Amino acid sequence: MVPETVSHFIGGRHVRSTLRKTFGVTDPATGKEYAQVEVGLAADITQAVLAAQSALKTGPWPGMTAQDRARVLQDIADAIDARTDDIAAAEALGTGLPVTQAGEQAARASGIFRLAADLITARPESLAPAESSYVVARPAGIAGLITSWSTPFLAQARAVAPALAAGCAIVLKPDEWAPLPAALLAEITTAAGLPDGMLNIVHGSRHPKAPGAQARDALIAHPGVARLSFGGEAATGQEVMLEAAAHRKDLSAELGSDSPCLIFADADLDKAIDSALFGGFALNGQRRTATSAILAQRPVYDTLVGRLAERADRIRVGAPSDPATQIGALPHTEHYDKLISCVRLGVREGALLAAGGRRPAGLPEGNYLAATVLADVAPSMRIFTEQICGPVVRVTPFDTDEEAVSLANAIVTRPTAAYIWTSDLERAHRLAPAIESVSTWVNSHNPQDLLTAPAGLGPGLPGVAAGHVNIDFYTQSRTVLIAADDTPVPRFGA
């Protein structure tokens, strides 16, 4: 049953906003309001930080052994598995994700907590003392986590699990468009035995007098927060990076980006098309690693565009709650309007609308957009570099290997992923390092280690980790040096 009001969760209790006001959130499939959410302000962030500080000072979690923390993380994973249907329904209602795909993301979320449990029991809490020194790993302190509306429960799990595994207390600021997954996470972690104050949740706001950025900015600026994690679109990420740098905060950032998918004439075209369609349209096209920028070599370009358009026209768009739906509704009207404007801009610039680009037949209300293919997208067009977070893919032709790399690197700065489809492995080995992506997959779709894969570096900002977060980010290492009995000590003024 949908709650009438979604409260902040601070110190193990559901609490009202200090403003004593709420804002409404609507179902993207119908436009109808389904819940009221407490407005979050700086005062609420301060209250949450104080609760987290108390949990670190007086609570059992930071002092528990890795094995004991791992048991709670495993219990959280079990509870997520038991409530997969509830999580999927909440995401379908709040974000418009197809319920079947949302359930798959919930299963991945439980896997993250299990992996975090395995990692902390596998690593030593301190390195074995050597003759004169050793290293002790301790929680960094309070972690401020800012997550987006794109697969929100999974995004929260990716941030929360490693922070808890490291022993940190958390203040989570979820995206205001999708409050229900965070509310479920609070229920699940509490039932699994997480001590009060270790996970605190402060919502933002759609209220014009209290924008969500107020809570976000207060969390970034608070001196009691030792680590920051952000996941979301690149434009907002740039703002967060600058704010974090101004406050000298260590930041782990996972920014959404358009991932180039390079398809060469010698590729297995059937597999490449399957991968491009799944990567471009699964999860409503809102994956961090979405293949929304397809680069195709000219000998196969026309065939590829035709087959992509034909398949896109057959992708089922419908109610998120329908298990047969492949693309659901976009999360809110503003984003829907932005995507429609992007498609129209592309057509005005000279792109060919090969499929979609409009509301599907039979869906007169809700934020629905048919699977869209824009072809003949030239590098000079604005749509070529415009970030797309939705069911829209763009196709651009290329001739040579060098041109393919140049186009891939021109799409976005440091994309999360890139894909190369070719039967020439020498070419793949040569081109993959030349593409400025965090990860590159060759003839494959992105199987990945969600917690332990190496992190990339953010665009020019020191202390910014991009891509995958890991437990070490939330850990503070301390070196203990023990002097030998005969170590001489300099004597000043003797």
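In the predicted model, helix α3 is largely enclosed by the rest of the structure, because nine of its 12 residues are buried. Burial here means a relative accessible area under 20%. The buried residues of α3 are Thr84, Ile87, Ala88, Ala90, Glu91, Ala92, Leu93, Gly94 and Thr95. Both helices and strands contribute to the cover over these residues: it includes the strands β4 (22-26) and β5 (33-38), together with the helices α2 (66-82), α4, α5 and α6 (180-191).

The length of α3, which runs over residues 84-95, was compared with the expected value. At 1.5 Å a residue, a helix of 12 residues should span 16 Å, and the end C-alpha atoms of α3 are 16 Å apart, so the two values agree. Gly96 follows α3 and has a positive phi, near 80°.

The largest pocket was examined next. Its volume is about 1,000 Å³, and 47 residues line it. Ser148, Trp149, Gly231, Gly232 and Glu233 are the lining residues that lie nearest the centre of the pocket. By residue class, the lining consists of 19 polar, 15 charged and 13 nonpolar residues.

Several helices and strands take part in this lining. At least two residues each come from the helices α4 (99-122), α5 (152-166), α7 (212-221), α8 (234-246) and α11 (333-349), and likewise from the strands β10 (225-233) and β11 (250-256). The largest share, five residues, is supplied by β10. Helices α4 and α5 are thus named twice in this description: they are among the elements that cover the buried residues of α3, and each supplies at least two residues of the pocket lining.

Methods: Residues are numbered from 1 along each chain as its sequence is written. This is a predicted model: local features need pLDDT of at least 70, side-chain atom pairs count only at pLDDT 80 or more; totals for chains, interfaces and linings use all residues. Side-chain values use heavy atoms; hydrogens and water are left out. On a 1 Å grid over the protein atoms alone, a cavity is a set of points where a 1.4 Å probe fits but cannot get out, and a pocket is an open set with protein on both sides within 12 Å along at least five of seven lines; lining residues have an atom within 4 Å of a point. Grid points are joined across faces, edges and corners, and a volume is the space filled by probe spheres set on the points. Helices (H or I, at least four residues) and strands (E, at least two) are DSSP runs, numbered from the N terminus. Ala, Val, Leu, Ile, Met, Phe, Trp, Tyr, Cys and Pro count as nonpolar, Asp, Glu, Lys and Arg as charged, and the others, Gly among them, as polar. The expected span of a helix is 1.5 Å times one less than its number of residues. Buried means under 20% relative accessible area, exposed over 50%, partly exposed in between (1.4 Å probe, protein chains only). Contact means heavy atoms within 4.5 Å.
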